[in-house]
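Dear colleague,

I am passing on the structure we spoke about, and below it you will find what came out of going through it. Please read the notes with the coordinates open beside you.

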Amino acid sequence: MNRDVFEYALIRVVPRLERGELVNAGVIVYCQARSYLAAHCHLDPDRLRALDPDVDIDGVHRALHATQLICAGGPDAGPAGHDDPGRRFRWLTAPRSTIVQPGPIHTGLTTDPAAEATRLLDLLVR
């Protein structure tokens, strides 16, 4: 079985930037060798409200959904939808100071990037 290099970054929600507290809400997985890019998301509203009772849950859901659309590419992803998967991954994982932000990029080896995305979601987010 051939294993390919993949990269991933957690999607973090930081409801109050000044406090720096965060909740992991998803993972973005990119495997260049298999042209795979996807975001798997799971938001726990109760955990998020524990950090900030006034957090805009709907806004966070919209941002997570937009990340998934950009990963999928195509017309629903807006202007980024026409870029190659690697460029979309780099754009999504660029540092930003917003409520929904990427964590650092990590690497690994996999035979199945889709299964890896599910494994990482279960391990690091749920």
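**Sheet, helices and a few side chains**

Val5 stands opposite Leu109 in strand 4, and this pair is a convenient place to enter the sheet. Please keep in mind throughout that the model is a predicted one. Strand 1 and strand 4 are paired in the antiparallel sense, with nine bridges between them.

Taken as a whole, the sheet is open and is formed by four strands in the order 3-2-1-4, with antiparallel pairing. Strand 3 and strand 4 stand at the edges, where each has a single partner strand, so that one side of each is left without a neighbour in the sheet. On average, and with direction ignored, neighbouring strands of this sheet are turned by 20° against each other.

Moving inwards from the edges, strand 1, which covers residues 4-13, is joined to strand 2 by seven bridges, and the two run antiparallel; within this pairing, Arg12 has Asn24 of strand 2 as its bridge partner. Strand 2 is in turn joined to strand 3, residues 36-41, by six bridges, again in the antiparallel sense. Two of the positions that face each other here are Tyr30, which stands opposite Leu37 in strand 3, and Gly26, which stands opposite Cys41 in strand 3. Strand 2 and strand 3 form a hairpin in which four residues lie between the strands, and in the turn Ser35 has a positive phi of about 50°.

How many of the nine residues of strand 2 are buried? The count is nine of nine over residues 23-31, so strand 2 is largely enclosed by the rest of the structure.

Turning to the helices, helix 2, which comprises residues 57-72, lies across strand 1, strand 2, strand 3 and strand 4, and runs at about 165° to strand 3. Helix 3, residues 85-92, also packs on the sheet, where it touches strand 1, strand 2, strand 3 and strand 4, and its direction makes about 155° with that of strand 2.

Within helix 2 I looked at Gln68, which is partly exposed, its relative accessible area being 30%. Once its neighbours within four places in sequence are left aside, Gln68 is in contact with Ala39, His40 and Cys41. The C-alpha atoms of Gln68 and Ala94, which are 26 residues apart along the chain, are separated by 16 Å.

Helix 4 allows a simple check on its length: at 1.5 Å a residue, its 12 residues, 113-124, should span 16 Å, and the end C-alpha atoms are indeed 16 Å apart, which agrees. Which residues of helix 4 are buried? They are Pro113, Glu116, Ala117, Leu120 and Leu121. These residues cover an arc of only 135° around the axis, which puts them on the same side of helix 4. In general, an α-helix has 3.6 residues a turn, so residues three or four places apart point the same way. The buried residues of helix 4 pack against strand 1, strand 2, strand 3 and strand 4, the last of these being residues 100-110. At the start of helix 4, a side-chain oxygen of Asp112 comes to within 3.2 Å of the backbone nitrogen of Ala114.

Two polar residues of the sheet deserve a separate paragraph. Thr110, which is found in strand 4, is buried, with a relative accessible area of 5%, and its side chain is joined to that of Glu116 by a polar contact of 3.3 Å. Not counting residues up to four places away in sequence, Thr110 touches Asn2, Arg3, Asp4, Phe6, Arg34 and Glu116. Asp4, for its part, lies in strand 1 and counts as buried at 18% relative accessibility, where the cut-off for buried is under 20%. The side chains of Asp4 and Arg34 are joined by a polar contact of 2.5 Å. With its neighbours within four places in sequence left aside, Asp4 is in contact with Cys31, Ala33, Arg34, Gly108, Leu109 and Thr110, and Arg34 is also among the residues that Thr110 touches.

With best regards

Methods. Residues numbered from 1 in each chain as written. Predicted model: local features only at pLDDT ≥ 70, side-chain atom pairs only at ≥ 80, totals over all residues. Heavy atoms only, no water. Buried < 20%, exposed > 50% of the residue type's maximum accessible area, 1.4 Å probe, protein only. Pairing = 2+ DSSP bridges. Expected span 1.5 Å × (residues − 1). Arc of directions from axis to C-beta. Contact = heavy atoms within 4.5 Å. Polar contact = N/O pair within 3.5 Å; in protein donor to acceptor, adjacent residues only side chain to side chain. Axes fitted to C-alpha atoms, helices over the stretch in contact; angles between N-to-C directions.
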